[in-house]
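Keep the structure open while you read. We will go from two ligands to the empty spaces, and end with a helix.

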Amino acid sequence: MKTYLVTGGAGFIGANFVKYMLSKNGSGVSLVVLDKLTYAGNLKTLETELTDIKFIRGDICDAKLVSEVFTNYGIDFVVNFAAESHVDRSIENPQLFLQTNILGTQNLLDCAMKSWMIDQMYKKDVRFLQVSTDEVYGSLGDVGYFSEKTPLNPRSPYAASKSSADLFVQAYVETYQFPALITRCSNNYGPYHFPEKLIPLIIKNILEGKQLPVYGDGTNVRDWLYVEDHCKAIDVVLHNGRVGEVYNVGGHNERKNVEIVKITIDHIKNLMENNPEYHRVLKTELSNINYDLIKFVKDRKGHDKRYAVDPTKITTELSWYPETKFEDGIVKTIKWYLENQKWVEDVVSRDYQDYYNKMYLW
Ligand code: NAD
Ligand code: DAU
């Protein structure tokens, strides 16, 4: 049986990946999750999986701990989700992003290399997948797409740290023939998304009758992909992708931010009108849920205008394509939040309120 080291597996995409791998492989897979449990990681998210995985609380920057994990568990595959992932936080505190996203990744690469190298040769069938982002390519104008050949042009401290990590991964491939691959995905949405990112924050605020902060004029565009589709892409690239290659992952689902906010309002209203049992999660009158909640606020510094991914390579080489239509995915996501308010309460119980007040006190 193969053993996977899933770093950052208590965060949004990492936890969805753990759930996906267990539901696909059952007891035929061994998963070791290493997570520091920052504000963004929560064991509640893995509550039902904890008996089926090995969970280790720790930092990917900790060389001694990471080496021990490789020795003790005989890791075959690494999927590196661990990161500081929020652009707004990177604008406030870039240093932390360098620490985790660059130095942490380099430490993982080093520990994997030392553990996998025997007599100048790598063990058979070992692989390292770096979970990267389309943000490394920078910002697009009204037309065009990011392909794997688009030059890196990061524009936020977060994107710069992810680009730098990608360059280290590629340097290890070239210098040490290290068996690594990179995926660069567009914006994910779905269950267990921390409510500092656009969609879960908007859902939370709508249910509380709070204003919905839209940066600038709301015309910035993101390409939204249902998180399970991203997890499937990672699985297929890890096993069938070509070592040393980059694979873009995207949903061909470009939406303006203000459009996302309006769609979310419409669906919540509709779900409430047709399902009175959901009223119990409302902290406002149903009549207050309308577009008047939208508030255009000060723009994000250096706000990237448009992201759009060309996923031709992963589609043609590996037969991956997005399975969840946005219209279905967004309803599934909203329903999940309506039915899992306890999870939201749990994950915002730490520094969330201080963060919210700092970022959104207009
Ligand atoms: P997230 O912030 O929800 O989760 C990150 C996880 O990493 C958390 O569980 C956190 O506790 C853990 N972590 C942070 N620092 C750590 C450290 N030093 N050591 C160990 N664990 C640490 O992030 P996410 O949205 O799930 O993103 C996961 C990865 O996917 C990131 O690398 C991100 O750059 C990338 N990505 C995200 C998106 C998206 O839309 N969310 C899209 C493309 C790529
Ligand atoms: O493209 C992939 C990236 O998507 C990932 O690499 C990042 O980890 C992930 O956080 C996400 O980055 P974005 O900056 O695009 O996501 P966010 O949800 O923060 O913002 C989406 C858009 O909505 C962006 O244009 C900013 C805007 N926005 C965001 C927030 C939090 C608002 O208008 N208001 C808000 O309150």
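Start at K162. An N or O atom in its side chain sits 2.7 Å from an oxygen atom of ligand 1. The model is predicted, and every distance here is computed from it. Two more polar contacts with ligand 1 use the backbone. At I13, a backbone N or O atom lies 2.8 Å from an oxygen atom of ligand 1. At F81, a polar backbone atom is 3.1 Å from an oxygen atom of ligand 1. How much of ligand 1 does the protein cover? On its own, ligand 1 has 830 Å² of accessible area, and the protein covers 97% of that.

Now look at the shell around ligand 1. It holds 28 residues. The closest are I13, D35, S85, Y158 and K162. Several elements take part. The helices α1 (12-25) and α5 (157-176) each supply at least two residues of this shell, and so do the strands β7 (127-133) and β9 (187-189). Which of these elements gives the most? The answer is β7, with three residues. By class, the shell around ligand 1 has 12 nonpolar, 12 polar and four charged residues.

Move on to ligand 2. Here 24 residues form the surroundings, and the closest are D134, Y158, R300, H303 and Y360. Pause at Y158. This residue is listed among the closest to ligand 1, and it is listed among the closest to ligand 2 as well.

Ligand 2 also has polar contacts. N187 places a polar side-chain atom 2.8 Å from an oxygen atom of ligand 2. R222 does so too, with a polar side-chain atom 2.8 Å from an oxygen atom of the ligand. P213 uses its backbone: an N or O atom there lies 2.8 Å from a nitrogen atom of ligand 2. Taken alone, ligand 2 has 680 Å² of accessible area, and the protein covers 94% of it. Two elements give two or more residues to the shell around ligand 2: α6 (198-208) and β10 (212-215). The most comes from β10, with three residues. Sorted by class, this shell has 10 nonpolar, eight polar and six charged residues.

Next come the empty spaces. Rolling a probe the size of a water molecule over the atoms shows where empty space is left. How many cavities of 30 Å³ or more does a search of the whole structure find? It finds two. Take the second largest cavity, with a volume of about 50 Å³. Its lining includes V87, I91, E135, R155, S156 and R222. A run from R300 through K301, G302, H303 and D304 lines it too, along with Y307. Some of these names are familiar. R300 and H303 are among the closest residues to ligand 2, and R222 makes a polar contact with that ligand. The cavity lining divides into three nonpolar, three polar and six charged residues.

Pockets are open, so look for them next. The largest pocket holds about 370 Å³ of space. Its lining has 14 residues, and E92, K298, D299, R300 and M359 lie nearest its centre. R300 thus turns up here and in the lining of the second largest cavity. The helices α3 (87-92) and α12 (352-360) each supply at least two residues of the pocket lining. Which class is missing from that lining? There are seven nonpolar and seven charged residues, but no polar ones.

The second largest pocket has a volume of about 190 Å³. Of the 13 residues that line it, Y39, E84, R89, N93 and L96 are the closest to its centre. The elements α3, α4 (94-116) and α12 each give two or more residues to this lining. The most comes from α12, with four residues. By class, the lining has five nonpolar, two polar and six charged residues.

Finish with α6, one of the elements in the shell around ligand 2. Is this helix mostly covered or mostly bare? It is mostly covered: nine of its 11 residues are buried. They run from I199 and P200 through L201, I202, I203, K204, N205 and I206 to L207. Just after α6, G209 takes a positive phi of about 70 degrees.

Conventions: Residues are numbered from 1 along each chain as its sequence is written. Chains are lettered from A and ligands numbered from 1 in the order in which they are written. This is a predicted model: local features need pLDDT of at least 70, side-chain atom pairs count only at pLDDT 80 or more; totals for chains, interfaces and linings use all residues. Side-chain values use heavy atoms; hydrogens and water are left out. A residue is near a molecule or strand if one of its heavy atoms lies within 4 Å of it. A polar contact is a pair of N or O atoms within 3.5 Å; within protein, one must be able to donate a hydrogen and the other to accept it, and residues adjacent in sequence count only if both atoms are side-chain atoms. Accessible areas come from the Shrake-Rupley method with a 1.4 Å probe; for residues, only the protein chains shown count as cover. Ala, Val, Leu, Ile, Met, Phe, Trp, Tyr, Cys and Pro count as nonpolar, Asp, Glu, Lys and Arg as charged, and the others, Gly among them, as polar. On a 1 Å grid over the protein atoms alone, a cavity is a set of points where a 1.4 Å probe fits but cannot get out, and a pocket is an open set with protein on both sides within 12 Å along at least five of seven lines; lining residues have an atom within 4 Å of a point. Grid points are joined across faces, edges and corners, and a volume is the space filled by probe spheres set on the points. Buried means under 20% relative accessible area, exposed over 50%, partly exposed in between (1.4 Å probe, protein chains only).
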